[in-house]
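Take a moment to look over the chain shown here before reading on. The paragraphs below go from the overall fold to a few selected residues.

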Amino acid sequence: MMTIDSPKDKIAKPQPLAKLADMRPATLDKIEKAVRKVFAGFDPSEVTMAQIAKSANVSLQTLYKYFGDKQTLFNTIMDIVLGRLAARIMDHLQGIDSVKDRLRKTLWVCFDFVDTHPDAVMVLSSVSVSRIRSIAIYENKELIGAFLDVLEDGQKRGVLNDSVPLYILFDVFMGFISRLGFMHIMRQSHTPINKDFDALFVILWRAISKPEIERLQ
């Protein structure tokens, strides 16, 4: 399980923090890439602010000025990363009425995230349950609501399995994405996971759709 805090980082930090919006976009981009790289490659409890600053080629003072401590830095950066994923998913859901097509779009965007952000996937896979709540996007009602609305609509239309509670469908859907994405990276595959997208979606669809609906297709 992931533990962020380290005695090495328990030093005086300037308060109040500077507004992140005042940081140059190029600097924030370098810091984001450094956080993803360092936390994916080292034991999180041993990662220091100095390590991240060196990897990002920014001053240690800059990190403390805008983030204050390592935990806040980690949470903020991962929230930014997942926030972009949330925006893409919600954008792809716009204007699509078919339950199957909406789920298909969502799965494709999530797997594309696996292909383009493998370091972020590795970092998130090691975050403990107690730490997940610190990343704001996991509490994003708009994103979670979008997922649940699609699944609930599918149950109401008689397309998705309604013999189990809604949250079970949600867990199956998210578990499918998480496990396949993580193992794809662990196996160090040289081909994108979306190369097999059609076959993977068929597996997921069969798992959550009503059996009688599946037989008719």
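What follows describes the fold, then one helix in the interior, then a patch on the surface.

The model is predicted. The protein has 11 helices and 0 strands. Read from the N terminus, the order of elements is therefore α-α-α-α-α-α-α-α-α-α-α.

How much of the protein is buried? Of its 217 residues, 43% count as buried. The accessible surface of the protein comes to about 11,900 Å², and carbon and sulfur atoms supply 55% of that area. Contacts can also be sorted by separation along the chain. Among those between residues at least 6 apart in sequence, 72% join residues at least 24 apart.

Helix H6 gives an example of buried residues. This helix spans residues 118-125, and its buried residues are Asp 119, Ala 120, Val 121, Val 123 and Leu 124. Which helices help to cover them? The cover includes helix H1 (25-41), helix H4 (70-93), helix H5 (99-116) and H9.

Helix H9, one of the elements covering the buried residues of H6, runs over residues 166-186 and contains Tyr 167. Is Tyr 167 buried or exposed? Its relative accessibility is 53%. Because a residue counts as exposed when that value is over 50%, Tyr 167 falls in the exposed class.

Tyr 167 also belongs to a nonpolar patch on the surface. The other members of this patch are Ile 168 and Val 172. Together, Tyr 167, Ile 168 and Val 172 have about 260 Å² of accessible area.

Conventions. Residues are numbered from 1 along each chain as its sequence is written. This is a predicted model: local features need pLDDT of at least 70, side-chain atom pairs count only at pLDDT 80 or more; totals for chains, interfaces and linings use all residues. Side-chain values use heavy atoms; hydrogens and water are left out. Patches are made of residues with over 30% relative accessible area and no salt bridge: like charges are joined within 9 Å, nonpolar side chains (Val, Leu, Ile, Met, Phe, Trp, Tyr) within 5 Å. Accessible areas come from the Shrake-Rupley method with a 1.4 Å probe; for residues, only the protein chains shown count as cover. A salt bridge is a side-chain nitrogen of Lys or Arg within 4 Å of a carboxyl oxygen of Asp or Glu. Helices (H or I, at least four residues) and strands (E, at least two) are DSSP runs, numbered from the N terminus. Buried means under 20% relative accessible area, exposed over 50%, partly exposed in between (1.4 Å probe, protein chains only). Contact means heavy atoms within 4.5 Å.
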